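I opened this notebook to keep track of what I looked up, one topic at a time. The sequence and the structure come first, and my entries follow.

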Amino acid sequence: MPIVPKALDLARDGIIPAGAYRNMDFTADDTLEDPTVPREILDCLYDPQTAGGLLLSVPEALLSDLLVRMADAGVPAVAVGAIRPREEKLVHIRP
């Protein structure tokens with residue numbers, strides 16, 4: 001997941017919006033956090049100010065073509081996850 005470097009600096013300094021903690025609490029039962037993921041990254045992932053509305057889901061077979069077309073159009077994009085068969089936890093945060 002791309003994170004703005006200044007956001008990581010702020011998270012390291014403990015400057016976290018209160019909404020991030022509410023997001024952590026709300027999703028705790030459905031999220032598995034790998035213990036090797038640094039705390040400041042987790043804090044940024046739960047930040048309510050992120051552009052979650054800009055996430056897009058596409059079939060895996062179309063992903064490469066979509067990323068090329070978006071790059072050609074000058075739109076920055078990266079793949080940040082995959083939909084897999086349901087496990088005990090809905091979201092897995094891994095390095």
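Which residues make a nonpolar surface patch, and what is its area? I looked this up in what is a predicted model, and found that Met1, Leu55, Val78 and Val80 make a patch of about 390 Å². I then checked Met1, which lies in the segment before α1; its relative accessibility is 55%, and because the cut-off for exposed is over 50%, Met1 counts as exposed.

Entry on the overall layout. I noted four helices and two strands, and, reading from the N terminus, the order of the elements is α-α-β-α-α-β. Taken along the principal axes, the box filled by the C-alpha atoms is roughly 40 × 35 × 25 Å. I also wrote down that the protein has 95 residues, of which 16% count as buried, and that about 7500 Å² is exposed, with 58% of this area supplied by carbon and sulfur atoms. Among the contacts with a separation of 6 or more, 74% are between residues 24 or more positions apart.

Entry on the core. I looked for the largest nonpolar core and found 10 residues in it, namely Leu8, Ala11, Ile16, Ala20, Met24, Val37, Leu42, Cys44, Tyr46 and Ile93. Two or more residues of this core come from each of α1 (5–12), α2 (18–27) and α3 (39–45). I followed Val37, one of the core residues, and, leaving aside neighbours within four places in sequence, I listed its contacts as Leu42, Ile93, Arg94 and Pro95.

Entry on Asp43. Is Asp43, a residue of helix α3, buried or exposed? I read a relative accessibility of 8%, and since buried means under 20%, Asp43 counts as buried. Not counting residues up to four places away in sequence, Asp43 touches Ala11, Ile16, Ala20 and Met24, and I noted that these four names also appear in the list of core residues.

Entry on helix α2. I compared two of its residues, Asn23 and Phe26. Asn23 has a relative accessible area of 30% and is therefore partly exposed, whereas Phe26, at 71% relative accessibility, counts as exposed. Beyond four places in sequence, Asn23 touches Tyr46, Asp47 and Pro48; for the last of these I also looked up the spacing, and the C-alpha atoms of Asn23 and Pro48 are separated by 7.4 Å although the two residues are 25 residues apart along the chain. For Phe26 I looked towards Val4, which is 22 residues away in sequence, and found 24 Å from C-alpha to C-alpha.

Entry on helix α4. Does the spacing of its ends agree or disagree with what its number of residues would suggest? Helix α4 covers residues 60–72, 13 residues in all, so at 1.5 Å a residue it should span 18 Å, and I found its end C-alpha atoms 19 Å apart, which agrees. I then looked at how well this helix is covered, and noted that α4 is hardly covered, since the count of buried residues among its 13 residues is zero, with buried meaning under 20% relative accessible area. Finally I checked the backbone just after α4, where Gly74 takes a positive phi of about 80 degrees.

Notes
Residues are numbered from 1 along each chain as its sequence is written. This is a predicted model: local features need pLDDT of at least 70, side-chain atom pairs count only at pLDDT 80 or more; totals for chains, interfaces and linings use all residues. Side-chain values use heavy atoms; hydrogens and water are left out. A nonpolar core is a set of buried Ala, Val, Leu, Ile, Met, Phe, Trp, Tyr and Cys residues joined through side-chain atoms within 4.5 Å. Buried means under 20% relative accessible area, exposed over 50%, partly exposed in between (1.4 Å probe, protein chains only). Contact means heavy atoms within 4.5 Å. The expected span of a helix is 1.5 Å times one less than its number of residues. Patches are made of residues with over 30% relative accessible area and no salt bridge: like charges are joined within 9 Å, nonpolar side chains (Val, Leu, Ile, Met, Phe, Trp, Tyr) within 5 Å. Accessible areas come from the Shrake-Rupley method with a 1.4 Å probe; for residues, only the protein chains shown count as cover. A salt bridge is a side-chain nitrogen of Lys or Arg within 4 Å of a carboxyl oxygen of Asp or Glu.
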